[in-house]
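Before reading the report that follows, please take a moment to look over the sequence and the model shown here. The text then moves from single residues to the overall form.

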Amino acid sequence: MPTYQTLKRKARIAAGVCVICLLFLLETTMAHRSAPHPASPNIWTALGLVALVALALCVWYGRGAWRLSATR
């Protein structure tokens with residue numbers, strides 16, 4: 001069974017991945033304005049999906065850590 005610290009660490013890593021993907025998404029959107037590329041929508045889709053999955057994992061692990069802390 002995972003510990004509180006393990007779940008909290010996983011939640012923080014997932015949150016970091018989500019933030020990084022959102023920053024790259026913003027950056028590619030701005031770069032598309034000056035140098036449009038036909039693959040940009042595919043890149044946006046991939047970054048958005050990874051960000052959503054990372055956000056879902058952050059919530060999942062965060063709730064698990066919260067449940068473990070509440071049972072202490």
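## Report on the predicted model

Ser-34 lies in helix α1. This is a predicted model, and every value given below is computed from it. At 65% relative accessibility, Ser-34 counts as exposed, because that figure is over the 50% cut-off. The C-alpha atoms of Ser-34 and Ala-14, which are 20 residues apart along the chain, are separated by 31 Å.

Two threonines can be described beside it. Thr-28 lies in helix α1, and at 18% relative accessibility Thr-28 counts as buried, because buried means under 20%. When its neighbours within four places in sequence are left aside, Thr-28 is in contact with Ile-43, Trp-44 and Leu-47; of these, Leu-47 is itself listed among the buried residues of α2. Thr-29 also lies in helix α1, but at 33% relative accessibility Thr-29 counts as partly exposed. The C-alpha atoms of Thr-29 and Ala-14 are 15 residues apart along the chain and are separated by 22 Å.

Ahead of α1 comes a segment that holds Pro-2. Pro-2 is partly exposed, with a relative accessible area of 43%, and, leaving aside its neighbours within four places in sequence, Pro-2 is in contact with Leu-7 and Leu-68. The C-alpha atoms of Pro-2 and Ala-65 are separated by 9.0 Å, although their positions lie 63 residues apart along the chain as a sequence separation.

### The helices

The protein has two helices and zero strands. The radius of gyration is 16 Å, well over the 11 Å that the globule rule gives for 72 residues, so the protein is more spread out than a compact globule. In keeping with this topic, the C-alpha atoms fill a box of roughly 55 × 15 × 15 Å, taken along the principal axes.

The table sets out the span of each helix.

| Helix | Number of residues | Expected span | Distance between end C-alpha atoms |
|---|---|---|---|
| α1 | 31 residues | 45 Å | 46 Å |
| α2 | 31 residues | 45 Å | 44 Å |

For α1, the distance between the end C-alpha atoms agrees with the span expected at 1.5 Å a residue, and for α2 the corresponding distance agrees as well.

### Buried and exposed surfaces

Which residues of α1 are buried? They are Leu-7, Ala-11, Ala-14, Cys-18, Cys-21 and Thr-28, and what covers them includes α2. In α2, the buried residues are Ser-40, Leu-47, Ala-51, Ala-54, Cys-58, Gly-64, Ala-65 and Leu-68, and these pack against α1. An α-helix has 3.6 residues a turn, so residues three or four places apart point the same way.

On the surface, Val-19, Leu-23, Leu-26 and Met-30 form a nonpolar patch, with about 380 Å² of accessible area together. One of these residues, Leu-26, lies in helix α1, which runs over residues 4–34.

For the protein as a whole, buried residues make up 19% of the 72 residues. The protein exposes about 5,500 Å², and carbon and sulfur atoms supply 71% of that area. Among the contacts with a separation of 6 or more, 76% come from residues 24 or more positions apart.

Definitions and conventions:
Residues numbered from 1 in each chain as written. Predicted model: local features only at pLDDT ≥ 70, side-chain atom pairs only at ≥ 80, totals over all residues. Heavy atoms only, no water. Patch = residues over 30% accessible without salt bridge, like charges linked within 9 Å, V, L, I, M, F, W, Y side chains within 5 Å. Areas by Shrake-Rupley, 256 points an atom, 1.4 Å probe, with all protein chains shown as cover. Salt bridge = Lys/Arg side-chain N within 4 Å of Asp/Glu carboxyl O. Helix = DSSP H or I, 4+ residues; strand = E, 2+ residues; numbered from the N terminus. Rg over C-alpha atoms; globule rule 2.2 N^0.38 Å. Buried < 20%, exposed > 50% of the residue type's maximum accessible area, 1.4 Å probe, protein only. Contact = heavy atoms within 4.5 Å. Expected span 1.5 Å × (residues − 1).
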